Amino acid sequence: MSGRLDGKVALISGAARGQGEAEARRFAEEGAKVVLGDVLDDLGEKIAADIGDAARYHHLDVTDIEQWRAAVDDAVSTFGRLDVLINNAGIVRVGLVDAMSLDDYLAVINVNQVGCWLGMKAAIPAIKAAGGGSIVNTSSTSGFIGMPGMSAYTASKFAVRGMTKCAAMEVGPFNIRVNSVHPGGIDTEMVRHPAFGDIDTDAVYGGQPIPRVGQPEEVAALMVFLASDESSYCTGAEFLVDGGLTAGPQMPAR
């Protein structure tokens, strides 16, 4: 039985847990070879070993262009090519504008925004050499709307949304598609961040059209579509997977 990603090689950042792990597992199930990049070496090695011969772990600090280039080279030397980049790595720091330190702000920008840009920079030549492919940049519903205490995260995710469109225009002639995915509340370590510990998640998500938190596998399913040839006419676009969070103001149930 053929998979939707048969013959493709993908590099996924932030793949040791959460959405990245779900994406790596689903990609392998769909026939792709996968390089898992992360700084959580023990977890990453375990996930790659669990997936099997279709996967390889590579230590990847997304703020370092040389580590990005090494990860791309690893994908090409191990599996023969690179067709897909999933820019998934991300962090969050919470703080009001007048209270957050510049160091915390820049930490988020460097991982979420600069890391995404460096990933594209490193991967585009290899994807060109493969004859084209797909880049998917993970943004967020925070790439559309603001939230108190989330200025750094929101700024980074708006930036990812914008740079995706620029890159799509630049590499479209090389048969490379670039899209952004915008998850809402997904049940990962980030949503369980200590800063959100006093938030009633049932109340937060209960007013959505789909009244629950999302699962990493639901994001992975969208990533498969965008990495596959099924999305051959999609580029420079935003794809929401948010349970309807951004559809409009949450209203009391009737």
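**View 1. Seven strands form an open sheet in this predicted model**. Reading across the sheet, the strands come in the order β3-β2-β1-β4-β5-β6-β7, and their pairing is parallel. The edges belong to β3 (55-59) and β7 (238-241); each has a single partner strand, so one side of each lacks a neighbour in the sheet. On average, neighbouring strands here are turned by 20° against each other, direction ignored. As a reminder, strands of a sheet pair through backbone hydrogen bonds, either parallel or antiparallel.

**View 2. Here we look at the pairing of β4 with β5**. Strand β4 covers residues 84-87 and strand β5 covers residues 133-138. The two run in the parallel sense and are joined over four bridges. To find your place, start at Val-84, which stands opposite Ser-134 in β5.

**View 3. Two helices meet the strands of the sheet, α2 and α7.** Helix α2 (residues 41-51) lies across β2 (33-38) and β3, and its direction is at about 165° to β3. Helix α7, made of residues 216-227, packs on the sheet and touches β4, β5, β6 (176-183) and β7. Compared with the direction of β6, that of α7 makes an angle of about 165°.

**View 4. Val-39, Leu-40 and Leu-43 make a nonpolar surface patch**. The patch has an area of about 210 Å². One of its members, Leu-43, sits in helix α2, the helix that lies across β2 and β3 in the previous view. How large is the relative accessible area of Leu-43? It is 38%, and because partly exposed residues fall between the 20% and 50% limits, Leu-43 counts as partly exposed.

Definitions and conventions
Residues numbered from 1 in each chain as written. Predicted model: local features only at pLDDT ≥ 70, side-chain atom pairs only at ≥ 80, totals over all residues. Heavy atoms only, no water. Pairing = 2+ DSSP bridges. Axes fitted to C-alpha atoms, helices over the stretch in contact; angles between N-to-C directions. Contact = heavy atoms within 4.5 Å. Patch = residues over 30% accessible without salt bridge, like charges linked within 9 Å, V, L, I, M, F, W, Y side chains within 5 Å. Areas by Shrake-Rupley, 256 points an atom, 1.4 Å probe, with all protein chains shown as cover. Salt bridge = Lys/Arg side-chain N within 4 Å of Asp/Glu carboxyl O. Buried < 20%, exposed > 50% of the residue type's maximum accessible area, 1.4 Å probe, protein only.
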